[in-house]
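Biologist: Can you take me through this one? I'd like to begin with a single residue and work outwards.

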Amino acid sequence: IYLRCKERKKRAEFAHLRNVQFCLASVQDFNQDFDLGIALHACGAATDDVLTCCIKKGAAFVISPCCLGGVTPIAKSQQLRSALVDPSHFSSLAKAADTVVSDTSGATVHYQNQDRSLKYHTRRRVKRSCQNNNLTAARAKCMTILDLDRLAYAQDHASYATCLTKMVPPSASPKNHILLGALLTSAAFYARLGAAYNFTSTGKITHK
(Lines give C-alpha, C1' and ligand atoms only; values in the text may rest on other atoms or scores of the structure.)
Protein backbone atom coordinates (compact mmCIF):
# COMPACT_ATOMS: atom_id res chain seq x y z
CA ILE A 1 0.00 0.00 0.00
CA TYR A 2 2.86 2.35 0.84
CA LEU A 3 4.44 1.79 -2.57
CA ARG A 4 1.12 2.46 -4.32
CA CYS A 5 0.68 5.70 -2.38
CA LYS A 6 4.24 6.74 -3.25
CA GLU A 7 3.65 5.96 -6.92
CA ARG A 8 0.45 8.01 -7.02
CA LYS A 9 2.25 10.91 -5.38
CA LYS A 10 4.87 10.83 -8.13
CA ARG A 11 2.14 10.75 -10.79
CA ALA A 12 0.49 13.82 -9.24
CA GLU A 13 3.80 15.66 -9.20
CA PHE A 14 4.47 14.69 -12.81
CA ALA A 15 1.07 16.10 -13.77
CA HIS A 16 1.86 19.32 -11.85
CA LEU A 17 -1.16 18.86 -9.56
CA ARG A 18 -0.58 21.22 -6.66
CA ASN A 19 -3.87 20.67 -4.81
CA VAL A 20 -3.44 16.92 -4.18
CA GLN A 21 -2.40 15.53 -0.81
CA PHE A 22 -1.74 11.92 0.15
CA CYS A 23 -2.33 10.41 3.56
CA LEU A 24 -1.63 6.79 4.46
CA ALA A 25 -3.83 6.02 7.47
CA SER A 26 -7.02 4.31 8.53
CA VAL A 27 -10.26 6.16 7.84
CA GLN A 28 -10.98 6.39 11.56
CA ASP A 29 -7.73 8.32 12.08
CA PHE A 30 -8.36 10.80 9.25
CA ASN A 31 -9.53 14.07 10.77
CA GLN A 32 -8.98 16.70 8.07
CA ASP A 33 -11.87 18.74 6.69
CA PHE A 34 -13.13 17.82 3.22
CA ASP A 35 -16.15 18.43 0.99
CA LEU A 36 -16.53 15.11 -0.83
CA GLY A 37 -15.65 11.57 0.20
CA ILE A 38 -15.12 8.94 -2.52
CA ALA A 39 -14.57 5.25 -1.87
CA LEU A 40 -14.31 2.50 -4.49
CA HIS A 41 -15.07 -1.08 -3.42
CA ALA A 42 -14.68 -0.28 0.27
CA CYS A 43 -14.79 -3.75 1.79
CA GLY A 44 -17.10 -4.58 4.69
CA ALA A 45 -16.98 -2.09 7.54
CA ALA A 46 -14.73 0.23 5.48
CA THR A 47 -17.86 1.53 3.72
CA ASP A 48 -19.44 2.31 7.08
CA ASP A 49 -16.23 4.00 8.28
CA VAL A 50 -16.14 6.25 5.20
CA LEU A 51 -19.84 7.04 5.56
CA THR A 52 -19.44 7.92 9.24
CA CYS A 53 -16.42 10.11 8.47
CA CYS A 54 -18.37 11.99 5.78
CA ILE A 55 -21.32 12.52 8.12
CA LYS A 56 -19.05 13.89 10.87
CA LYS A 57 -17.54 16.38 8.42
CA GLY A 58 -20.83 17.21 6.71
CA ALA A 59 -19.31 16.09 3.41
CA ALA A 60 -21.03 14.69 0.36
CA PHE A 61 -20.23 11.07 -0.47
CA VAL A 62 -19.95 8.76 -3.46
CA ILE A 63 -19.32 5.25 -2.15
CA SER A 64 -19.07 1.92 -3.93
CA PRO A 65 -19.45 -0.81 -1.28
CA CYS A 66 -17.93 -4.26 -1.64
CA CYS A 67 -18.10 -7.33 0.62
CA LEU A 68 -20.78 -7.30 3.31
CA GLY A 69 -20.02 -10.35 5.43
CA GLY A 70 -17.65 -8.42 7.65
CA VAL A 71 -19.97 -5.54 8.56
CA THR A 72 -20.92 -4.85 12.17
CA PRO A 73 -23.86 -7.23 12.83
CA ILE A 74 -26.22 -4.45 13.93
CA ALA A 75 -28.69 -2.49 11.81
CA LYS A 76 -27.49 1.10 11.49
CA SER A 77 -30.80 2.90 10.93
CA GLN A 78 -33.98 3.15 12.97
CA GLN A 79 -35.94 2.09 9.88
CA LEU A 80 -34.27 -1.29 9.57
CA ARG A 81 -34.19 -1.91 13.32
CA SER A 82 -37.97 -1.49 13.40
CA ALA A 83 -38.44 -3.62 10.26
CA LEU A 84 -36.50 -6.65 11.50
CA VAL A 85 -38.55 -9.15 13.51
CA ASP A 86 -35.38 -10.34 15.26
CA PRO A 87 -32.21 -8.17 15.47
CA SER A 88 -30.08 -11.27 14.82
CA HIS A 89 -31.58 -11.49 11.32
CA PHE A 90 -29.25 -8.67 10.26
CA SER A 91 -26.29 -11.07 10.27
CA SER A 92 -28.24 -13.43 8.00
CA LEU A 93 -28.97 -10.56 5.61
CA ALA A 94 -25.28 -9.62 5.50
CA LYS A 95 -24.16 -13.18 4.83
CA ALA A 96 -26.74 -13.61 2.07
CA ALA A 97 -25.83 -10.28 0.48
CA ASP A 98 -22.14 -11.19 0.50
CA THR A 99 -22.75 -14.05 -1.94
CA VAL A 100 -24.80 -11.94 -4.35
CA VAL A 101 -24.45 -12.50 -8.07
CA SER A 102 -24.49 -9.33 -10.11
CA ASP A 103 -27.92 -7.90 -10.88
CA THR A 104 -27.23 -6.48 -14.34
CA SER A 105 -30.60 -4.80 -14.82
CA GLY A 106 -30.57 -1.11 -15.67
CA ALA A 107 -28.99 1.50 -13.42
CA THR A 108 -32.23 2.46 -11.73
CA VAL A 109 -32.50 4.26 -8.44
CA HIS A 110 -34.04 2.18 -5.66
CA TYR A 111 -36.46 3.35 -3.00
CA GLN A 112 -35.04 6.09 -0.82
CA ASN A 113 -36.23 8.67 1.70
CA GLN A 114 -39.39 6.65 2.32
CA ASP A 115 -40.28 5.17 5.70
CA ARG A 116 -41.78 2.08 4.07
CA SER A 117 -38.85 1.30 1.78
CA LEU A 118 -36.80 -0.95 4.08
CA LYS A 119 -39.86 -2.70 5.45
CA TYR A 120 -41.09 -3.35 1.91
CA HIS A 121 -37.80 -4.90 0.82
CA THR A 122 -37.33 -6.85 4.05
CA ARG A 123 -40.71 -8.45 4.51
CA ARG A 124 -42.08 -8.87 1.02
CA ARG A 125 -39.56 -8.98 -1.77
CA VAL A 126 -36.98 -11.21 -0.07
CA LYS A 127 -39.66 -13.60 1.15
CA ARG A 128 -41.27 -13.78 -2.30
CA SER A 129 -37.92 -14.38 -4.00
CA CYS A 130 -37.09 -17.26 -1.64
CA GLN A 131 -40.50 -18.79 -2.18
CA ASN A 132 -39.82 -18.75 -5.91
CA ASN A 133 -36.39 -20.35 -5.32
CA ASN A 134 -34.83 -17.33 -7.03
CA LEU A 135 -31.80 -17.14 -4.75
CA THR A 136 -29.88 -14.71 -6.94
CA ALA A 137 -32.71 -12.19 -6.79
CA ALA A 138 -33.15 -12.73 -3.05
CA ARG A 139 -29.45 -12.14 -2.39
CA ALA A 140 -29.48 -9.01 -4.54
CA LYS A 141 -32.39 -7.70 -2.48
CA CYS A 142 -30.48 -8.43 0.73
CA MET A 143 -27.64 -6.28 -0.62
CA THR A 144 -30.17 -3.55 -1.42
CA ILE A 145 -31.56 -3.68 2.12
CA LEU A 146 -28.13 -3.26 3.70
CA ASP A 147 -27.22 -0.34 1.45
CA LEU A 148 -30.59 1.34 2.05
CA ASP A 149 -29.88 0.92 5.75
CA ARG A 150 -26.64 2.85 5.30
CA LEU A 151 -28.40 5.69 3.50
CA ALA A 152 -31.18 5.80 6.11
CA TYR A 153 -28.45 6.06 8.76
CA ALA A 154 -27.13 9.18 7.01
CA GLN A 155 -30.62 10.64 7.05
CA ASP A 156 -31.03 9.77 10.74
CA HIS A 157 -27.93 11.75 11.72
CA ALA A 158 -28.05 14.73 9.35
CA SER A 159 -30.17 16.41 6.69
CA TYR A 160 -28.83 14.32 3.83
CA ALA A 161 -30.38 13.77 0.42
CA THR A 162 -29.47 10.21 -0.53
CA CYS A 163 -29.66 7.93 -3.51
CA LEU A 164 -28.91 4.27 -4.19
CA THR A 165 -28.03 3.61 -7.80
CA LYS A 166 -25.82 1.28 -9.86
CA MET A 167 -22.66 1.43 -11.91
CA VAL A 168 -22.97 1.93 -15.64
CA PRO A 169 -22.97 -0.63 -17.06
CA PRO A 170 -24.33 -2.67 -14.12
CA SER A 171 -22.23 -5.62 -15.30
CA ALA A 172 -19.05 -3.68 -14.37
CA SER A 173 -18.94 -5.51 -11.04
CA PRO A 174 -20.96 -8.07 -9.04
CA LYS A 175 -21.02 -5.44 -6.28
CA ASN A 176 -22.32 -2.65 -8.50
CA HIS A 177 -24.15 -0.41 -6.03
CA ILE A 178 -23.25 3.25 -5.63
CA LEU A 179 -24.31 5.25 -2.58
CA LEU A 180 -24.76 8.98 -3.18
CA GLY A 181 -25.45 11.58 -0.55
CA ALA A 182 -25.14 15.28 0.17
CA LEU A 183 -26.42 17.71 2.75
CA LEU A 184 -29.50 19.53 1.56
CA THR A 185 -27.55 22.77 1.86
CA SER A 186 -24.83 21.59 -0.56
CA ALA A 187 -26.08 23.50 -3.58
CA ALA A 188 -22.72 23.25 -5.37
CA PHE A 189 -22.79 19.45 -5.18
CA TYR A 190 -26.35 19.38 -6.52
CA ALA A 191 -25.30 21.53 -9.46
CA ARG A 192 -22.50 19.13 -10.41
CA LEU A 193 -24.83 16.16 -10.43
CA GLY A 194 -27.70 18.10 -11.96
CA ALA A 195 -27.16 16.53 -15.39
CA ALA A 196 -28.07 13.10 -14.02
CA TYR A 197 -30.06 13.67 -10.83
CA ASN A 198 -32.71 16.05 -9.58
CA PHE A 199 -32.22 16.94 -5.89
CA THR A 200 -35.31 18.48 -4.30
CA SER A 201 -35.76 20.34 -1.06
CA THR A 202 -37.33 17.24 0.53
CA GLY A 203 -34.20 15.18 -0.04
CA LYS A 204 -35.79 12.95 -2.66
CA ILE A 205 -33.70 12.11 -5.72
CA THR A 206 -35.15 11.00 -9.02
CA HIS A 207 -33.08 9.34 -11.73
CA LYS A 208 -33.51 10.78 -15.22
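**Leucine 51 and its surroundings**

Modeller: This is a predicted model. In it, leucine 51 touches Phe61, Ile63, Arg150, Tyr153 and Ala154, leaving aside residues up to four places away in sequence.

Biologist: Which residues have the most contacts inside the largest nonpolar core?

Modeller: Leu51, Phe61 and Ile63 do, in a core of 19 residues. The elements giving two or more residues to this core are β1 (36-42), α2 (45-57), β2, α6 (135-157), β3 (160-166) and β4 (177-183). With 5 residues, α2 gives the most.

Biologist: What about a second core?

Modeller: There is a separate one of 14 residues, and Leu68, Ala83, Leu84 and Leu93 are among them.

Biologist: Why would such residues group like that?

Modeller: In soluble globular proteins, nonpolar side chains tend to be buried together.

Biologist: Switching to pockets. What is the volume of the largest pocket?

Modeller: About 1,200 Å³. It is lined by 26 residues, and Gln21, Cys23, Val27, Phe30 and Ile38 are the closest to its centre.

Biologist: Which element gives the most to that lining?

Modeller: β1, with 7 residues. By class, the lining has 18 nonpolar, 6 polar and 2 charged residues.

Biologist: And confidence? Where is it lowest, and where highest?

Modeller: Strand β6 (residues 205-207) is lowest, at a mean pLDDT of 39, and strand β2 (residues 60-65) is highest, at 93. For the protein chain the mean is 75, with 71% of residues at 70 or more.

Biologist: Where does pLDDT stay under 50?

Modeller: Over residues 106-116, and over residues 198-208.

Definitions and conventions:
Residues numbered from 1 in each chain as written. Predicted model: local features only at pLDDT ≥ 70, side-chain atom pairs only at ≥ 80, totals over all residues. Heavy atoms only, no water. pLDDT = per-residue confidence, 0-100. Helix = DSSP H or I, 4+ residues; strand = E, 2+ residues; numbered from the N terminus. Contact = heavy atoms within 4.5 Å. Core = buried A, V, L, I, M, F, W, Y, C linked by side-chain atoms within 4.5 Å. Buried < 20%, exposed > 50% of the residue type's maximum accessible area, 1.4 Å probe, protein only. 1 Å grid on protein atoms, 1.4 Å probe; cavity = no way out; pocket = protein on both sides within 12 Å on 5 of 7 lines; lining within 4 Å. Points joined across faces, edges and corners; volume = space filled by probe spheres on them. Nonpolar A, V, L, I, M, F, W, Y, C, P; charged D, E, K, R; others polar.
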